Amino acid sequence: MKKYIVDASIILKWVLEKEKEPDHDKAAGLLRSWVSGAVGIAAPSLWTYEVANILGRALPDEADQKMKMLLDLKIGAVDCSEQMIHQCFTWMKEYQVTFYDSVYLAAAYAIDAVLLTGDEKFCEKMKNDNRICLLKNLF
């Protein structure tokens, strides 16, 4: 089974308005594939903080409901290990990326998965890494 790490940019597409989210249909297709058991999905627990922050700021009246919907999905959690932290610091230094973005990629390595993201800037900085796939290039 193909395994994916999803970052906050993907998870948010599952609850934000289709018209405002590029590649919303691909994100919805990924979610359906996961629910049907065709693919595996996980994320570092950081996703809850990132997504809750964005929902709380952008949609304060709907944030609780949308966050509950996402939490009810029971996305598999990848705990941040010492090795992952070390790798994130290496990437930060080498590619000038954030720890937040790096930890998703480190999680992909930790569970032998591919990071799915909508973050084109991060992909560009890490362009030689075959563990990253832009959502728009999926399917």
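This passage describes the fold, the central sheet and the cysteines of a predicted model.

The overall dimensions come first. The chain has 139 residues and a radius of gyration of 14 Å. A compact globule with 139 residues would have a radius near 14 Å, so the value for the chain agrees with that expectation. Along the principal axes, the C-alpha trace spans about 40 × 30 × 25 Å. About 8100 Å² of the chain is exposed. Carbon and sulfur atoms supply 51% of that area. Of the 139 residues, 45% count as buried. Contacts also link distant parts of the sequence. Among contacts between residues at least 6 apart in sequence, 59% join residues at least 24 apart.

The secondary structure consists of seven helices and five strands. Read from the N terminus, the elements follow the order β-α-α-β-α-α-β-α-α-β-α-β. The five strands form an open sheet, and their pairing is parallel. In general, strands of a sheet pair through backbone hydrogen bonds, either parallel or antiparallel. Across the sheet, the strand order is β3-β2-β1-β4-β5. Strands β3 (76-78) and β5 (132-134) stand at the edges. Each has a single partner strand, so one side of each is left without a neighbour in the sheet. From one strand to the next, the twist averages 40°.

Within the sheet, β1 (residues 2-6) pairs with β4 (residues 114-117). This parallel pairing runs over three bridges. I5 has L115 in β4 as its bridge partner. Helix α2 (residues 24-35) lies across β1, β2 (39-44) and β4. The helix runs at about 110° to β2.

The cysteines were examined for disulfides. A disulfide is a covalent bond between the sulfur atoms of two cysteines. With a cut-off of 2.5 Å between cysteine sulfur atoms, the count comes to zero disulfides. For C88, the closest cysteine sulfur is that of C80, at 5.8 Å. This distance is too far for a bond. C133 is likewise in no disulfide. The nearest cysteine sulfur to that of C133 belongs to C123, 7.8 Å away. Burial was also computed for these residues. C88 counts as buried because its relative accessibility is 0%. C133 has a relative accessibility of 17%. The cut-off for burial is under 20%, and C133 therefore counts as buried.

Technical notes
Residues are numbered from 1 along each chain as its sequence is written. This is a predicted model: local features need pLDDT of at least 70, side-chain atom pairs count only at pLDDT 80 or more; totals for chains, interfaces and linings use all residues. Side-chain values use heavy atoms; hydrogens and water are left out. Buried means under 20% relative accessible area, exposed over 50%, partly exposed in between (1.4 Å probe, protein chains only). Two strands pair if DSSP finds at least two bridges between them. Helices (H or I, at least four residues) and strands (E, at least two) are DSSP runs, numbered from the N terminus. Axes are lines fitted to C-alpha atoms, for helices over the stretch in contact, and angles run from 0 to 180 degrees between N-to-C directions. Contact means heavy atoms within 4.5 Å. The radius of gyration is taken over C-alpha atoms; the globule rule is 2.2 Å times the number of residues to the power 0.38. Accessible areas come from the Shrake-Rupley method with a 1.4 Å probe; for residues, only the protein chains shown count as cover.
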